[in-house]
Amino acid sequence: MSKRTKAIFLGLCIIGSFFIYCVFYYSNMLKNAPYRFSDFEYITIAYGTRDSMLNTYNSATQDYQYVNRSNQVVKQKLKLTDDDLLFLHRKAMEMGFWNVDNDMTTPRKDSIEGHDVPRYELEYKYKEKSKKVVLDADYAGNQKMKDATKTTIEKVLEMINIANAR
């Protein structure tokens, strides 16, 4: 064998083994990922004050209930497309929603304190796992986690409003 053939053979062995390793490693990693869109079932969101969470949406049942400007409860069916749900899934991954605390509520001394503070409950449900986060608007904990959760909630509400306008 010439020097050139040996160099090509050595290069192919190194690159080939690296490629095989990458395929094996990342295929197992993606297969075992806890939150995959292929396992996605539904999103639910509820928001309002602590004792009256009148604004709700469930993508599985397509039930949408909200309070309009004249304080009337409106109930209707609202379908989010698969593209909308994929966008929300990817946005949650991008914001790190899977890594935030489940309980982001502010401790209250009595039932009257913080009565008017908005509360949000957002749940992403998958076949084997789910992630449900409860957030008070005045949560004073880790600001990065609060921002990630708040942005994810805003994107879900924005997508619901866009679907409602269609």
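**Sheet, core and salt bridges of the predicted model**

Asp 63 is partly exposed, with a relative accessible area of 37%; this puts it in between, because buried means under 20% and exposed over 50%. The structure looked at here is a predicted model. Averaged over the chain, pLDDT comes to 78, and 86% of the residues reach 70 or more. Confidence varies from element to element: helix H1 (residues 3-31) has the lowest mean pLDDT, at 72, while strand E6 (residues 119-126) has the highest, at 85.

Asp 63 is a handy way into the salt bridges, of which the count comes to 4. One of them pairs Asp 63 with Lys 77, with the closest N and O atoms 2.7 Å apart. This pair links distant parts of the chain, since 14 residues separate Lys 77 in strand E4 from Asp 63 in strand E3. Lys 77 itself is exposed, at 58% relative accessible area. Another lysine of E4 (residues 73-77) is Lys 75, which is also exposed, with a value of 65%. Lys 75 sits 12 residues along the sequence from Asp 63, yet their C-alpha atoms are 7.3 Å apart in space. Setting aside residues up to four places away in sequence, Lys 75 touches Tyr 64 and Gln 65.

Where do E3 and E4 sit in the sheet as a whole? The sheet is an open one of 7 strands, in the order E4-E3-E2-E1-E6-E7-E5, and its pairing is mixed. E4 and strand E5 (103-104) stand at the edges; each has a single partner strand, so one side of each goes without a neighbour in the sheet. In general, the strands of a sheet pair through backbone hydrogen bonds, and they can do so in parallel or antiparallel fashion. Here, E1 and strand E2 (residues 52-58) run antiparallel and are joined by 5 bridges. Within that pair, Ile 45 has Tyr 57 of E2 as its bridge partner. Helix H2 packs on the sheet, where it touches E1 and E6, and its direction makes about 105° with that of E6. Helix H3, for its part, lies across E1, E2, E3, E4, E5, E6 and E7, and runs at about 80° to E6.

These same elements turn up again in the nonpolar interior. The largest nonpolar core holds 29 residues, and the ones that touch the most other members are Ile 43, Ile 45, Phe 97, Leu 122, Tyr 124 and Val 156. Two or more residues each come from strand E1 (40-49), strand E3 (63-67), H2, E6, strand E7 (130-136) and helix H3 (143-165). H3 gives the most, with 8 residues. Leu 122 shows how these parts come together: apart from residues up to four places away in sequence, the list of its contacts runs through Ile 43, Thr 44, Ile 45, Phe 97, Lys 131, Lys 132, Val 133, Thr 152, Ile 153 and Val 156.

Charged residues are found away from solvent too. Which residue does Arg 119 meet in a salt bridge? Its partner is Asp 136, at an N to O distance of 2.7 Å. Arg 119 lies in strand E6 and Asp 136 in strand E7, so this salt bridge ties together parts that are 17 residues apart in sequence. Arg 119 counts as buried, because its relative accessibility of 16% falls under the 20% limit. Asp 136 is buried as well, at 0%.

The salt bridge between Lys 155 and Glu 158 has an N to O distance of 3.8 Å. This one stays within a single helix, as both residues lie in H3, 3 residues apart, or about one turn of the helix. Are these two residues buried, exposed or partly exposed? Lys 155 is partly exposed, with a relative accessible area of 23%, and Glu 158 is partly exposed too, at 40%.

One more acidic residue rounds off the picture. Asp 84 is part of helix H2 (residues 82-95) and is buried, with a relative accessible area of 8%. Once the neighbours within four places in sequence are left aside, Asp 84 is in contact with Met 159 and Arg 166.

Methods: Residues are numbered from 1 along each chain as its sequence is written. This is a predicted model: local features need pLDDT of at least 70, side-chain atom pairs count only at pLDDT 80 or more; totals for chains, interfaces and linings use all residues. Side-chain values use heavy atoms; hydrogens and water are left out. Helices (H or I, at least four residues) and strands (E, at least two) are DSSP runs, numbered from the N terminus. Buried means under 20% relative accessible area, exposed over 50%, partly exposed in between (1.4 Å probe, protein chains only). Contact means heavy atoms within 4.5 Å. pLDDT is the predictor's confidence in each residue, from 0 to 100. A nonpolar core is a set of buried Ala, Val, Leu, Ile, Met, Phe, Trp, Tyr and Cys residues joined through side-chain atoms within 4.5 Å. Two strands pair if DSSP finds at least two bridges between them. Axes are lines fitted to C-alpha atoms, for helices over the stretch in contact, and angles run from 0 to 180 degrees between N-to-C directions. A salt bridge is a side-chain nitrogen of Lys or Arg within 4 Å of a carboxyl oxygen of Asp or Glu.
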